[in-house]
Amino acid sequence: MSNIPETGRTQRVTIRLVVLQILVLSLLATLGGRLWYLQIRTGDEYAAKAQGNHIREVVEPAIRGEILDASGRVLAGNETKLVVSVSRTSLLQQKDHGKGVLARLADVLGLPAKDVQDKVRLCDAKTPQPCWNGSPYQPIPVTQQATTQQAMQIMERREDFPGVTAQPTAVRRYTGVEGANASQVLGYLSPVTDDEVTKSADKSGRERRLPSDQIGRAGLESVYDDDLRGTTGVDKLEVDNLGRVIGSAGRTAAKPGENLVTSIDARVQKVVEDQLAQAMVDARKVYDKETKKNYEADSGAAVVMDVHTGRIIAMASAPTFDPNLWVGGISAKDYQNLTSKDSNYPLINRAIQGQSAPGSTFKVISTTAAVQAGYSLDGHYPCPTSLTIGGREFKNFESESFGDITLEKALEVSCDTVFYGLAYDQWMKDGGIKPKNPNDWFFKTAHQFGLGSKTGIDLPSEVPGRVPDRQWKQSFFDANKDAWCAQAAKGGHEYTDEIARENCVDGNQMRAGDSVNFAIGQGDTLVTPVQMARIYSALANGGTLYRPTVGKAIVSPDGTLVRDIAPHEDGKLPADNKLLSYINQATAGVITSGTAAWKFTGAGWPQGKIELHAKTGTAEVAGKQTTSWLTTYSGDYAVVMTISQGGTGSGGSGDSVRRIYQALYGVDDKGNVDNGKALLPKPQAELPKFNPDGTAIVKPASFQDGAAFPAGSTFLDQAPPSGGAAEPYPVALAALEPTRTGGRSRA
């Protein structure tokens, strides 16, 4: 008898069928669940997305807001140019995909046919520039330099150029109004990156920036980009599944950006730029006995600040560049020139990014520190030719000796040895090489003056400078100990080998030499021109440290005030009225009988009518010529100028700083004051007035349309190529970092 069931199935077959049925049912259940999720749970969401697949957006760029000077003169505006654009949608609807149209267009524009074809192709990972990285439905600009005749040829022969338009379009233009450049202050524009597009997306996923957008890359264009760029318009087009336009789904008009009124006065800016350039030219004519060659004067900066508000009236940095080089896309050659070592990095704004030792301009801080430490303003302090500290001789400039003098006289004649003595005495009181709860009055006072920190100016990439206090010494030691010890182990006999051996053992200790160098603004101390302008403004206004600002107000395109940018108090100097009066008297003495007298009262400045105050500084930098510093102020302005490898403080910058004051107050070379010729005897407090159409009511400018700096120029023909940095900042700033210096400072 057979064991096979009547069904003819074995037990093994039955098990397999059951498993197969379970597998099929599981797959059906999974598929059903997924269909439920897509069609019911999230059906509305996907339906909306599917509907969106039939809508394509064409962007209408917003007109960028203008950047105005304090009187309403246009520093950065928009120039109407004839822009020829091509619609890819229209090209693709033609039998040859538009090859014939592009060839005819290239012939009319006088461009190679391949260049035109490349400009309208879409960018991807394998397609190099030139290409279009915006929406394929957006009109693609082929040229911004079309002539009226070329535009007429295109528009009159529409049948030969389907999808091609030639129309006036607003393009950014840096006007050079009054001959002022101000490139590092204004900044420039360049296309937005894919990463910036992605990061700008809001919570709904909609991108605030589009691939065709321009974005501020430096200066005011960067800081106030959200105000200036306006709102992009959008034209929604209905398309079929082949991408062909079949109708319109609505349009949102573009909204122009707001305008930025600055505290810059274009006329003063022009004077400051010219005088900085002239000071550098003059410095190169002077022979340096130390290096046995003329001063190189390779870069510099100058700042004019309103002492009562912290507003920047003018800011110059040399070398500089023409910001119009960036308009329409910068060439590879120009970009290389702006970012190379050979050109000394003209994109750097040395007024806020250039760091150097301040030299004797620091002594107003040391005077305040000495008073805080208990030294008397009525006391007399020895000013010998030199002091020997720790077995090392610290000399006074040119070995001058003035005997026992007051702190006022020490500031006036810039006696180093007075401040060496004070700093050494205080170092000993703090415990010397083995301190116990040191007061560190000199370092503490420098921080109270705002050094070692950013001022907060409304310009990007400001650097903080450096106060080389005990905390910095320790962190610097921790970072460099291994390298010092490795160099010391080699047993070399160079000066750097000796320093490495010392630092390997006790590089974290505050030595006597560190303290006395700090007291005269040398050693590892670093400051920026804008920091010094803020300090000397505070000396002028009674002790208030204002936050430096360039922006003054945001106004709408019709001239209505949107937002005021008010002055901001950041703190007070650690000095009472008696000390401030004492320092003011001393710095006035620098003008009348001190280290700057030969450039001011000796050159006819009317000190009795317009009182100026000053402190000169000549900072030594290892391996380079001395840095010239001149920090000054009146009752209205602080004017600071510094020139790298520019000589002495008054010798390198004195004439030019005096001429800046002459222009501000209308003083001629004989000391006569003519208010009618004064550019700005008082800082302009009120905002400009505007016409009903939004244009400012302002006197006609003496220079227009970039006449003062033709495209491709650097800082002036006589200025050397050199620096400022937008990108890459780290490389440029590394190039500016001074080497640690020793010994002495000059007035």
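Q: Which helices does the disulfide of Cys485 and Cys504 tie together, and how many residues apart in sequence are the parts?
A: In this predicted model, the sulfur atoms of Cys485 and Cys504 sit 2.0 Å apart, and the two form a disulfide. Cys485 belongs to helix 18 (residues 470–489) and Cys504 to helix 19 (residues 495–506), so the link ties together helix 18 and helix 19, parts that are 19 residues apart in sequence.

Q: What is the handedness of the link of Cys485 and Cys504?
A: Look along the S-S bond of Cys485 and Cys504: the angle about it is 100 degrees. That link is right-handed.

Q: Is Cys485 buried or partly exposed?
A: The cut-off for buried is under 20% relative accessible area. Cys504, with 19%, is buried. Cys485 has 22% relative accessibility, so it counts as partly exposed.

Q: How many disulfides does a search of the whole structure find?
A: One of them is the Cys485 and Cys504 pair. Cys383 and Cys415 form a disulfide too, with their sulfur atoms 2.0 Å apart. The search of the whole structure gives a count of two.

Q: How many residues apart in sequence are the parts that Cys383 and Cys415 tie together?
A: The link of Cys383 and Cys415 is right-handed, with 115 degrees about the S-S bond. Cys383 is in strand 15 (residues 381–383), while Cys415 is in the loop between helix 15 (407–413) and helix 16 (416–429), so the parts tied together are 32 residues apart.

Q: What is the relative accessible area of Cys415?
A: Its partner Cys383 counts as buried, at 1% relative accessibility. Cys415 is buried as well, and its relative accessible area is 0%.

Q: Are helix 11 and helix 23 roughly parallel or roughly antiparallel?
A: The axes of helix 11 (residues 266–283) and helix 23 (residues 649–665) come within 9 Å and cross at roughly 160 degrees. Angles over 145 degrees count as roughly antiparallel. So helix 11 runs, relative to helix 23, roughly antiparallel.

Q: How do the residues of the contact of helix 11 with helix 23 divide into nonpolar, polar and charged?
A: Helix 11 passes helix 23 in a right-handed crossing. Helix 11 brings Val268, Val271, Val272, Gln275, Gln278 and Ala279 to the contact, and helix 23 brings Gly652, Ser656, Arg659, Ile660, Ala663 and Leu664. The split is seven nonpolar, four polar and one charged.

Q: Where is Gln645, and what is its phi?
A: Gln645 lies in the loop between strand 25 (637–644) and helix 23. At 6% relative accessibility, Gln645 counts as buried. Although Gln645 is not a glycine, its phi is positive, at about 55 degrees.

Q: Is Ala297, which has a positive phi, buried or exposed?
A: Ala297 is not a glycine, yet its phi is positive, at about 45 degrees. You'll find Ala297 in the loop between strand 12 (293–294) and strand 13 (299–306). Its relative accessibility is 0%, so Ala297 counts as buried.

Q: Is the peptide bond from Ala318 to Pro319 cis or trans?
A: Pro319 has its place in the loop between strand 14 (312–318) and helix 12 (332–339). Omega for the bond from Ala318 to Pro319 is near 0 degrees, and the bond is cis.

Q: What share of the residues in the chain is buried?
A: The chain has 24 helices and 25 strands. Among its contacts between residues at least 6 apart in sequence, 72% join residues at least 24 apart. Of the 747 residues, the buried share is 52%.

Technical notes. Residues are numbered from 1 along each chain as its sequence is written. This is a predicted model: local features need pLDDT of at least 70, side-chain atom pairs count only at pLDDT 80 or more; totals for chains, interfaces and linings use all residues. Side-chain values use heavy atoms; hydrogens and water are left out. A disulfide is a pair of cysteine sulfur atoms within 2.5 Å. Helices (H or I, at least four residues) and strands (E, at least two) are DSSP runs, numbered from the N terminus. Buried means under 20% relative accessible area, exposed over 50%, partly exposed in between (1.4 Å probe, protein chains only). Axes are lines fitted to C-alpha atoms, for helices over the stretch in contact, and angles run from 0 to 180 degrees between N-to-C directions. Angles under 35 degrees count as roughly parallel, over 145 as roughly antiparallel, 65 to 115 as roughly perpendicular and the rest as oblique. A crossing is left-handed if the near helix is turned anticlockwise from the far one by less than a right angle, and right-handed if clockwise. Contact means heavy atoms within 4.5 Å. Ala, Val, Leu, Ile, Met, Phe, Trp, Tyr, Cys and Pro count as nonpolar, Asp, Glu, Lys and Arg as charged, and the others, Gly among them, as polar.
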